[in-house]
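Please open the model in your viewer, with the sequence panel beside it, and follow the stops below in order. Each stop says what to select next and what is to be found there.

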Amino acid sequence: MERKAFALGDIVEMKKAHPCGTNAWKVIRTGADVRIKCCGCDHSVMLARLEFERKMKKVIESTTE
Ligand SMILES: [Zn+2]
């Protein structure tokens, strides 16, 4: 399985957009669980790391380049 590289502060796109219509999320916590915050409405969700990697489509904006 392909591992996706992401880091704290990155903006990522998920496979499904948030109901508010935005599909850009900021990674605000990493570890065994990953917390992301919707860039459109500031709603945040916590996902297990594996679940996050499965649902994440790509990194839109990386803070580490
Ligand atoms: Zn939202």
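**A first stop on strand S3**

Begin by selecting Arg35, which is found in strand S3. The model you are looking at is a predicted one, and in it Arg35 has a relative accessible area of 28%, so the residue is classed as partly exposed. If you add Ala24 to the selection, you will have two residues that are 11 apart in sequence, with their C-alpha atoms 13 Å apart in space.

**The zinc ion**

Now move to the zinc ion and show the side chains around it. Which atoms coordinate the zinc ion? The donors are ND1 of His18 together with the SG atoms of Cys20, Cys38 and Cys41, at 2.0 to 2.4 Å. The angles that these four donor atoms subtend run from 103 to 118°, and the arrangement is therefore tetrahedral. For comparison, the ideal angle for four tetrahedral donors is 109.5 degrees. Read along the chain, the donors of the zinc ion follow the spacing H-x1-C-x17-C-x2-C. Because His18 lies in the loop between strand S1 (11–14) and strand S2 (25–29), while Cys38 belongs to strand S3 (residues 33–38), this pair ties together parts that are 20 residues apart in sequence.

Are His18 and Cys38 buried or exposed? His18 has 16% relative accessibility and so counts as buried, and Cys38, at 1%, counts as buried too.

**The nonpolar core**

Keep Cys38 selected and extend the selection to the largest nonpolar core, which has 11 residues in all: Phe6, Val12, Met14, Trp25, Val27, Val34, Ile36, Cys38, Leu47, Phe52 and Met56. Two or more residues of this core come from each of the elements S1, S2 and S3, and S3 gives the most, with three residues. In soluble globular proteins, nonpolar side chains tend to be buried together.

Within this core, pick out Phe6, whose place is in the segment before S1. Phe6 counts as buried because its relative accessibility is 13%. Adding Thr64 brings in a residue 58 positions away along the chain from Phe6, and the C-alpha atoms of the two are separated by 8.8 Å.

**The largest pocket**

Next, display the surface and look for the largest pocket, which holds about 210 Å³ of space. Its lining is made up of Met14, Lys15, Lys16, Ala17, His18, Pro19, Trp25, Ile36, Val45, Leu47 and Lys55; sorted by class, the lining has seven nonpolar, one polar and three charged residues. Among the lining residues is His18, which you have already met as a donor to the zinc ion.

**Two loop residues**

Select Thr30, which sits in the loop between S2 and S3. With a relative accessible area of 34%, Thr30 is partly exposed. Show Ala7 as well: although the two residues are 23 apart along the chain, the C-alpha atoms of Thr30 and Ala7 are separated by 7.5 Å.

Finish at Asp42, in the loop between S3 and strand S4 (44–48). Asp42 counts as exposed because its relative accessibility is 51%, where the cut-off for that class is over 50%. What is the phi of Asp42? The angle is positive, at about 70°, although Asp42 is not a glycine. Most residues other than glycine have a negative phi.

Note on methods. Residues numbered from 1 in each chain as written. Predicted model: local features only at pLDDT ≥ 70, side-chain atom pairs only at ≥ 80, totals over all residues. Heavy atoms only, no water. Donors = N, O, S within 2.8 Å, 3.2 Å for Na, K, Ca; no water. Tetrahedral: all angles 85-135°; square planar, octahedral: opposite > 155°, others 65-115°. Helix = DSSP H or I, 4+ residues; strand = E, 2+ residues; numbered from the N terminus. Buried < 20%, exposed > 50% of the residue type's maximum accessible area, 1.4 Å probe, protein only. 1 Å grid on protein atoms, 1.4 Å probe; cavity = no way out; pocket = protein on both sides within 12 Å on 5 of 7 lines; lining within 4 Å. Points joined across faces, edges and corners; volume = space filled by probe spheres on them. Nonpolar A, V, L, I, M, F, W, Y, C, P; charged D, E, K, R; others polar. Core = buried A, V, L, I, M, F, W, Y, C linked by side-chain atoms within 4.5 Å.
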